[in-house]
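Subject: The structure we talked about

Hi there,

Here is the structure I promised to pass on. My notes on it follow below, so have a look at the model and then read on.

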Amino acid sequence: MQLARREATSTTVATRRGLIGRRQLKVLLRHLSLITVSAIFMLPFYWMIISALKDNAQIFAQPIKWWPDPIHWDNFTRAMTYPGFPYFRMLWNSIYYSGLVTLGTVVSSAAVGYGFARLRFPGRGLLFTITVSTLMIPAIVTFIPTYVLFKALGMIGTYTPLIVPRFLGDAFFIFMLRQFFLGIPWELSEAAKVDGAGEFRIFWQIMLPMVKPALMVTAVFTCLYTWHDFFGPLIYLSDPNKYPLSLGLFAFKAQRTTDWDLLMAASTLVTLPLIVLFAFTQRYFLEGITMTGIKG
């Protein structure tokens with residue numbers, strides 16, 4: 001009897017060890033896959049950085065040099081002080097442009113999304129359907145009428161045509177924020193109304209803090225898109241002193257077609273502010289992405 005119990009216990013322990021071993025193997029394989037995919041995505045970024053620290057001979061050397069020797073830190077100084085690439089002025093233009101666009105998109109999309117989610121008025125469903133359906137319209141379809149309108153208003157050559165429309169909301173972010181507002185219990189709004197709070201106070205002091213991760217996702221995505229926007233500034237801006245970094249980098253490439261070391265240094269300088277932005281906002285951004293998946 002005791003022998004049978006010992007054998008059963010030994011079998012159970014062996015089974016558990018086998019399950020634990022398989023689980024650990026699955027975890028190991030999962031992490032190896034993630035590390036491999038991450039390395040593949042990081043490779044172009046790594047190559048840009050090390051190329052910014054090389055000279056042209058090292059960049060095109062055979063076999064490939066995976067680390068610069070010697071390191072040319074002066075490439076960054078030469079890129080920033082190049083006459084056709086006023087880096088700090090263009091940096092300010094990009095911050096001004098992306099900052100105002102991000103502010104307008106976040107505020108307007110949050111306000112409209114709150115209205116569709118929490119306010120009851122006739123035609124709400126129809127208006128929301130029309131708003132979301134605008135996502136199906138290609139941007140190029142509305143580009144010419146929009147350009148003609150701003151030209152008639154005398155705004156060509158300024159940032160106004162690029163910034164003002166974003167204060168009217170973005171259909172995708174309106175939809176996303178509406179889903180977040182719908183997930184907030186109605187009891188909170190009703191309790192605030194009992195305490196005498198108006199609709200604007202409920203929106204500003206109660207609802208917005210509760211959807212902060214979603215607002216951060218909206219802000220980061222909008223800032224990324226605006227920072228890299230090339231077509232809009234190319235069409236509406238004509239003064240090189242008003243160029244953002246996206247246009248400035250293209251102009252730099254046109255002037256320094258053979259200086260790949262300086263071009264990589266300039267590209268790194270253009271990308272650096274986005275890395276800093278993500279470093280400071282990654283906690284809220286990742287939390288918002290996770291909550292977006294749960295809401296969906």
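A contact here means heavy atoms within 4.5 Å. Among contacts in the protein between residues at least 6 apart in sequence, 73% join residues at least 24 apart.

A word on the source: this is a predicted model, in which local features need pLDDT of at least 70 and side-chain atom pairs count only at pLDDT 80 or more, while totals for chains, interfaces and linings use all residues. Residues are numbered from 1 along each chain as its sequence is written, and side-chain values use heavy atoms, with hydrogens and water left out.

The fold

The protein has 14 helices and zero strands (DSSP runs numbered from the N terminus: helices are H or I with at least four residues, strands are E with at least two). Of its 296 residues, 34% count as buried, that is, under 20% relative accessible area with a 1.4 Å probe, protein chains only. The protein exposes about 18,300 Å² (Shrake-Rupley method, 1.4 Å probe), and carbon and sulfur atoms supply 69% of that area.

The annotated spans

An unreviewed UniProt entry places "transmembrane region" at residues 27–49, 95–114, 126–150, 162–181, 202–227 and 262–281; such annotations may be inferred rather than shown by experiment. Residues 27–49 are 100% helix, with end C-alpha atoms 32 Å apart. Residues 162–181 are 65% helix and 0% strand, and their end C-alpha atoms lie 28 Å apart.

The pockets

A pocket is an open set of points on a 1 Å grid over the protein atoms alone, where a 1.4 Å probe fits, with protein on both sides within 12 Å along at least five of seven lines; lining residues have an atom within 4 Å of a point. The largest pocket has a volume (the space filled by probe spheres set on the points) of about 1,200 Å³. Its lining counts 32 residues, with Ala139, Thr142, Pro165, Arg166 and Asp170 nearest the centre. Helix H6 (139–152) is one of the elements giving two or more residues to this lining, and H6 gives the most, with six. By class, the lining has 21 nonpolar, eight polar and three charged residues.

The second largest pocket has a volume of about 190 Å³. Among its lining residues are Phe41, Phe45, His228 and Thr271. Helix H1 (2–52), H11 and helix H14 (260–295) each supply at least two residues there. This lining divides into six nonpolar, two polar and no charged residues.

Best wishes

Key:
Buried means under 20% relative accessible area, exposed over 50%, partly exposed in between (1.4 Å probe, protein chains only). Ala, Val, Leu, Ile, Met, Phe, Trp, Tyr, Cys and Pro count as nonpolar, Asp, Glu, Lys and Arg as charged, and the others, Gly among them, as polar.
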